[in-house]
Amino acid sequence: MAKKMAIPWELKYKYLQGMLTTLFKSVMYEYREKHGAAAALEFIEGVWKREDRVKNMTKTLKDVFKIEGNDIEAIDKWWGIWWELTGMDATRLEQSKKLMKFKIPAGCAWLTKPKDISDWPLIFMNLIVKAINPKAILERVKGLCAGDPYCEYITKIEE
């Protein structure tokens with residue numbers, strides 16, 4: 001019997017992340033090619049909303065890491081955990097009781113080339129912040145897809 005090869009977990013993680021990134025982009029590009037950009041964005045939003053996938057993932061992380069509340073501080077803690085889990089290099093620029101501003105210098109791992117489908121992170125990220133607080137909204141004020149040097153986001157809680 002052959003000896004089982006020891007593969008470092010970091011390599012396994014990087015491999016899986018790359019594989020999922022490639023799969024996600026391929027699905028988005030193919031769907032866009034056949035049905036157009038608006039349909040591709042609607043499709044991916046439907047995937048994330050089906051059976052409350054993103055909402056359940058958000059709640060799971062809140063529960064596992066015992067994040068209490070639904071304020072900006074809770075949202076900030078959630079994003080900190082997400083960035084660590086996904087290996088994203090994000091920087092908090094500002095935070096108050098009602099606002100959080102952060103930037104992602106390299107953009108997202110799944111940066112899409114066609115600009116007409118580059119709003120997919122906004123859909124995903126808004127589902128996350130709304131799962132924490134239905135009055136929260138996330139806006140992208142700068143984006144790599146728009147030619148900016150980095151992506152910058154603001155999260156606010158509406159009155």
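Student: What is the handedness of the crossing of helix 2 and helix 5?

Tutor: In this predicted model, helix 2 and helix 5 cross in a right-handed way. That label applies because the near helix is turned clockwise from the far one by less than a right angle.

Student: What makes helix 2 and helix 5 roughly parallel to each other?

Tutor: Start with the angle: the axes of helix 2 (residues 37-49) and helix 5 (residues 120-132) cross at roughly 25° and come within 10 Å. Angles under 35 degrees count as roughly parallel, and helix 2 and helix 5 are therefore given that name.

Student: Which residues meet where helix 2 and helix 5 come together?

Tutor: Helix 2 brings L41, I44, E45, W48 and K49, while helix 5 brings W120, I123, F124 and L127. Sorted by class, the residues of this contact are seven nonpolar and two charged, with no polar ones.

Student: Why is helix 5 called largely enclosed by the rest of the structure?

Tutor: The cut-off for buried is under 20% relative accessible area. In helix 5, 11 of the 13 residues are buried, so the helix is largely enclosed. The buried ones are W120, P121, L122, I123, F124, M125, N126, L127, I128, V129 and I132.

Student: How do you know that the span of helix 5 agrees with its 13 residues?

Tutor: Take 1.5 Å times one less than the number of residues. For helix 5 that gives an expected 18 Å, and the end C-alpha atoms lie 19 Å apart, which agrees.

Student: Why are helix 1 and helix 2 called oblique to each other?

Tutor: Helix 1 (residues 9-35) packs on helix 2 at about 135°, their axes being 7 Å apart. Roughly antiparallel would need an angle over 145, and roughly perpendicular runs from 65 to 115. The pair is therefore oblique. The crossing of helix 1 and helix 2 is right-handed.

Student: Which residues make that contact of helix 1 and helix 2?

Tutor: From helix 1 come F24, V27, M28, Y31, R32 and H35, and from helix 2 come A37, A39, A40, L41, F43, I44 and W48. By class there are 11 nonpolar residues, one polar and one charged.

Student: Let's turn to a strand. Why is E152 called buried?

Tutor: E152, in strand 4 (residues 151-157), has a relative accessible area of 8%. Buried means under 20%, so E152 earns the label. Setting aside neighbours within four places in sequence, E152 is in contact with L93, K101, F102, K103, E139, R140, V141 and K142.

Terms used. Residues are numbered from 1 along each chain as its sequence is written. This is a predicted model: local features need pLDDT of at least 70, side-chain atom pairs count only at pLDDT 80 or more; totals for chains, interfaces and linings use all residues. Side-chain values use heavy atoms; hydrogens and water are left out. Axes are lines fitted to C-alpha atoms, for helices over the stretch in contact, and angles run from 0 to 180 degrees between N-to-C directions. Helices (H or I, at least four residues) and strands (E, at least two) are DSSP runs, numbered from the N terminus. Contact means heavy atoms within 4.5 Å. Ala, Val, Leu, Ile, Met, Phe, Trp, Tyr, Cys and Pro count as nonpolar, Asp, Glu, Lys and Arg as charged, and the others, Gly among them, as polar. Buried means under 20% relative accessible area, exposed over 50%, partly exposed in between (1.4 Å probe, protein chains only).
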